[in-house]
Amino acid sequence: YTTEEIVAEAGRAAVLFRPAGPAKAEAVAEAVVERPAVVSKQYTFKYTTEEIVAEAGRAAVLFRPAAPAEAEAEAEAEAEAPVKATTAIPKDFERPVHPPTNKEKEVFKLKKKIREMEELEEKMAAGTKLASNQEAKLLKKPGLVEELSIWENTVEPHTIEWQATVHEIMNPMFGVLLKVDGQSESMTMSAAHMSPPVSTENLGEISARYTKGQELKVRLMRDGKLCTDMSVDEEDFRYQESQAISEALEILKVEDKKKIYEELWEAGTWSADEFNGTVVSVRDNCMFVRVMAAREVRVSATDMSSKYVFKDPVSKVSKIRRDEVTVGVEVSLRLRWDYRNERVTGSMIVQKGDKKEAEAEEEEEA
């Protein structure tokens, strides 16, 4: 381990090395170089940073991989983990004008009141006789100055980083749903607010960059409704880019809602239109195809062209020819709403408006 890695374990080291009781506390105090120690009711020492670093040798032993196999497994896990792209932010750039935060509003109001009081003080110093209500107003100045100081030193909520876990990759792939510490409900991180933002032409990058269960640091944005894993500086630097992507995503959402819910859900049949899509995942008995730039639909082997499937001689079940169907292949599909599973499915072989076929497939799946 490097020095930085050992120091990173300082929090855990402080817990592992704390004395457990009075006798042990006394023994440790005698063995360690003289230093002030604070002992709580549980006889727990509060080590300084220097003292924790002094335990680096023991930390290196305690936290090292237990065996070569374990070390190899950790290395493989790190290699497979999604790598976040880094963004170089210029030192000087023009920041966007955001709506004022609650803190900024309060600071503005307090400064205005204090400024009015200072004007009264100047008049009084010049010999002007103040009205009784104005004199009473000046008596509140110390309290307002103190309140202003508190507000000015208050941390803005949108600058705080929170630990989060990817709960779900959205479908349509407009972003991800996160479980954020301190929040009871899942929160959305839009493709527009990812670091770096993902354009509507490359929404497939989301599933490559984020995986279910992945842990990451996020911030709640100024509106308190959305999340971002960008820093405050990167968010400001990429503001125009994020806005453009947000607008493009809204267009896709409207189109998806119209096609999927207003047409397929209400019709109950296979779509009249064919949708061009790209295969993004292949399994033995089905494949997943991305259509309309963002939505992934399941296509059963029984709904695929005969050139792409074969019947397993043992199970007599239709399976996909992996040599014919690979990720990246372009296909054309008709779509329908699967009421039983509450999702969109696709077919390469049905004819438009084929309702009986759709009903038969739902009965077969049931």
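Is Val155 buried or exposed? With a relative accessible area of 52%, Val155 is exposed, because the threshold for that class is anything over 50%. Good morning, colleagues. The structure under discussion is a predicted model, and I shall begin at its surface before turning to the sheet, the cores and the charged pairs.

Val155 is located in the loop that connects helix 9, residues 141-152, with strand 1, residues 161-169. Together with Ile160 and Trp162, Val155 makes up a nonpolar patch on the surface, and the accessible area of the three is about 240 Å². A second exposed residue is Leu139, whose relative accessible area is 70%. Leu139 sits in the loop between helix 8, residues 132-138, and helix 9. From Leu139 to Met117 the C-alpha separation is 9.4 Å, with their positions 22 residues apart in sequence.

Let me place these residues in the protein as a whole. The protein contains 13 helices and 12 strands. Of its 366 residues, 35% are buried. The exposed surface comes to about 22800 Å², and carbon and sulfur atoms account for 52% of that area. As for contacts between residues at least 6 apart in sequence, 61% of them connect residues at least 24 apart.

I turn now to the sheet. In what order do the strands of the open sheet of 5 strands lie? The order is 3-2-1-4-5, and the pairing is antiparallel. Strand 3 and strand 5, the latter spanning residues 227-228, form the edges, each pairing on one side only. By way of background, strands of a sheet pair through backbone hydrogen bonds, in either a parallel or an antiparallel arrangement.

At one edge, strand 2, residues 175-180, runs antiparallel to strand 3, residues 187-190, and 4 bridges join the two. Within this pair, Leu177 is positioned opposite Thr188 of strand 3. The hairpin formed by strand 2 and strand 3 has 6 residues between the strands, and in this hairpin Gly182 adopts a positive phi near 85°. At the other edge, strand 4 and strand 5 are paired in the antiparallel sense over 2 bridges. Here Leu220 has Cys227, in strand 5, as its bridge partner.

The next topic is the interior. In soluble globular proteins, nonpolar side chains tend to be buried together. Which members of the largest nonpolar core touch the most other members? They are Leu178, Leu203 and Ile206, in a core of 24 residues. At least two residues of this core come from each of strand 1, strand 2, strand 3, strand 4 (215-220) and helix 12 (239-267). A further core, of 22 residues, lies apart from it and includes Val282, Val289, Val297 and Val331. Returning to Ile206, and setting aside neighbours within four places in sequence, its contacts are Ile169, Met173, Phe174, Gly175, Val176, Ala191, Met194 and Val198.

Finally, I consider the charged pairs. Side chains of opposite charge can pair when their charged atoms come close. How many salt bridges does a search of the whole structure find? The search finds 21. One of the salt bridges is that of Lys141 with Glu121, whose closest N and O atoms are 2.9 Å apart. Lys141 belongs to helix 9 and Glu121 to helix 7, residues 102-125, so this pair ties together parts that are 20 residues apart in sequence. Lys141 is buried, at a relative accessible area of 16%, whereas Glu121 counts as partly exposed at 30%.

A salt bridge also forms between Lys253 and Glu250, with 3.5 Å between the closest N and O atoms. Both residues are in helix 12, and because they are 3 residues apart, about one helical turn separates them. Lys253 is partly exposed at 35% relative accessible area, and Glu250 is likewise counted as partly exposed, at 44%.

Arg295 and Asp256 meet through their side chains in a salt bridge, at 2.8 Å from N to O. This pair links distant parts of the chain, with Arg295 in strand 8, residues 295-300, and Asp256 in helix 12, 39 residues apart. Arg295 and Asp256 are both buried. Elsewhere, Arg95, Asp233 and Asp236 are joined into one network by salt bridges that share partners.

That concludes the presentation, and I thank you for your attention.

Methods: Residues are numbered from 1 along each chain as its sequence is written. This is a predicted model: local features need pLDDT of at least 70, side-chain atom pairs count only at pLDDT 80 or more; totals for chains, interfaces and linings use all residues. Side-chain values use heavy atoms; hydrogens and water are left out. Two strands pair if DSSP finds at least two bridges between them. Helices (H or I, at least four residues) and strands (E, at least two) are DSSP runs, numbered from the N terminus. Patches are made of residues with over 30% relative accessible area and no salt bridge: like charges are joined within 9 Å, nonpolar side chains (Val, Leu, Ile, Met, Phe, Trp, Tyr) within 5 Å. Accessible areas come from the Shrake-Rupley method with a 1.4 Å probe; for residues, only the protein chains shown count as cover. A salt bridge is a side-chain nitrogen of Lys or Arg within 4 Å of a carboxyl oxygen of Asp or Glu. Buried means under 20% relative accessible area, exposed over 50%, partly exposed in between (1.4 Å probe, protein chains only). A nonpolar core is a set of buried Ala, Val, Leu, Ile, Met, Phe, Trp, Tyr and Cys residues joined through side-chain atoms within 4.5 Å. Contact means heavy atoms within 4.5 Å.
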